[in-house]
Amino acid sequence: MITDQRMSTDGSLPPLGLLVDKANHLVQAIAAPSLVQLVLRLALAVPFWRSGILKWGGFLKLNDTAVTLFTDEFTLHLPGGPYHYPAPAVMAFLSGCGEIMFPILLVLGLGTRFAALGLLFMTVIVELTVPDGWPVHITWAAMALGIMAYGPGRVSLDYLIGRMLSPER
């Protein structure tokens, strides 16, 4: 830490160094890892949930708009393309299911790393469909990767289950 280099010979910090050190501790307290992990999970869940609820017209019944989007509007921008989605009704159904289930799992913190992996995969597909949206998509990818790397945090069912199953309680 920067303030470590400013210590005097008696081990005390000069007034400015003490102020910087206190500010640093305050910032660390505000950005506690478990809070950051919870906020990441919620922030990634929201856009997918909002998109997912627009695709459904009832229990396990897609609305016509969702199927029409995958049939007529959405294309995959791959080399030599763009290409229409194969089996658009199936793709719309899978997309709608993922956009509902993965956010629920993220918010609960259950199977969190796998839910984040699912949303990362969906983000790649969305990027291939809407390449100009990369500034938003890279943010989603970064959040998903952060969740996959650091886990759900202490405010999650994964953590509680892990504590219950741990032999050393």
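Good morning. In this talk, a residue is called buried when its relative accessible area is under 20%, exposed when that area is over 50%, and partly exposed in between. Leucine 160, L160, has a relative accessible area of 46%, so L160 is partly exposed. I shall return to this residue shortly. Please keep in mind throughout that we are looking at a predicted model.

Let me begin with the overall architecture. The protein contains eight helices and four strands. Starting at the N terminus, the order of the elements is α-α-α-β-β-α-β-β-α-α-α-α. The globule rule gives 15 Å for 169 residues, but the radius of gyration here is 22 Å, well over that figure, so the protein is more spread out than a compact globule. The C-alpha trace spans about 75 × 45 × 25 Å along its principal axes.

Two further figures concern the chain as a whole. Buried residues make up 29% of the 169. If we take contacts between residues at least 6 apart in sequence, 61% of them join residues that are at least 24 apart.

Now to the surface. The accessible surface is about 10900 Å², and carbon and sulfur atoms account for 72% of it. On this surface there is a nonpolar patch of about 1100 Å², whose members include W49, M101, L110 and L160. Which elements give two or more residues to the nonpolar patch? They are α3, residues 33–53, α5, residues 88–108, and α8, residues 157–165. Helix α8 makes the most substantial contribution, with five residues. Our opening residue, L160, is found in α8.

Let us turn from the surface to the interior. In soluble globular proteins, nonpolar side chains tend to be buried together. In this model, the largest nonpolar core has 14 residues, and those that touch the most other members are L44, F48, L106 and L119. At least two residues of this core come from each of α3, α6 (112–129) and α7 (134–150). Apart from this core lies another one, of eight residues, including W56, A66, L76 and Y85.

L119 deserves a closer look. With which residues is L119 in contact, leaving aside its neighbours within four places in sequence? The contacts are L44, F48, G98, F102 and L106. Of these partners, L44, F48 and L106 were named a moment ago with L119 as the core residues that touch the most other members.

I now come to charged residues. Side chains of opposite charge can pair when their charged atoms come close. How many salt bridges does the count come to? The count is one. The partners are E99 and K55, and their closest N and O atoms are 2.7 Å apart. E99 belongs to helix α5, whereas K55 sits in the loop between α3 and β1 (56–58), so the pair ties together parts that are 44 residues apart in sequence. Are these two residues buried or exposed? The relative accessibility of E99 is 5%, so E99 counts as buried. K55 has a relative accessible area of 9%, so K55 is buried as well.

Another residue to locate in the structure is H137, in helix α7. Its relative accessible area is 7%, and H137 is therefore buried. Leaving aside neighbours within four places in sequence, H137 is in contact with T123, V126, E127 and V130.

Finally, I would draw attention to some details of the backbone. The peptide bond from G81 to P82 is cis, with omega near 15°. P82 is placed in the loop between β3 (75–76) and β4 (83–84).

Two residues other than glycine have a positive phi: L60, with a value near 55°, and A87, with a value of about 45°. L60 lies in the loop between β1 and β2 (61–62). The relative accessibility of L60 is 53%, so L60 counts as exposed. A87 lies in the loop between β4 and α5. Its relative accessibility is 44%, and A87 therefore counts as partly exposed.

To close, I suggest finding three features in the model: the nonpolar patch to which α8 gives the most, the core around which L44, F48, L106 and L119 were named, and the salt bridge between E99 and K55. Thank you for your attention.

Note on methods. Residues are numbered from 1 along each chain as its sequence is written. This is a predicted model: local features need pLDDT of at least 70, side-chain atom pairs count only at pLDDT 80 or more; totals for chains, interfaces and linings use all residues. Side-chain values use heavy atoms; hydrogens and water are left out. Patches are made of residues with over 30% relative accessible area and no salt bridge: like charges are joined within 9 Å, nonpolar side chains (Val, Leu, Ile, Met, Phe, Trp, Tyr) within 5 Å. Accessible areas come from the Shrake-Rupley method with a 1.4 Å probe; for residues, only the protein chains shown count as cover. A salt bridge is a side-chain nitrogen of Lys or Arg within 4 Å of a carboxyl oxygen of Asp or Glu. Buried means under 20% relative accessible area, exposed over 50%, partly exposed in between (1.4 Å probe, protein chains only). The radius of gyration is taken over C-alpha atoms; the globule rule is 2.2 Å times the number of residues to the power 0.38. Contact means heavy atoms within 4.5 Å. A nonpolar core is a set of buried Ala, Val, Leu, Ile, Met, Phe, Trp, Tyr and Cys residues joined through side-chain atoms within 4.5 Å.
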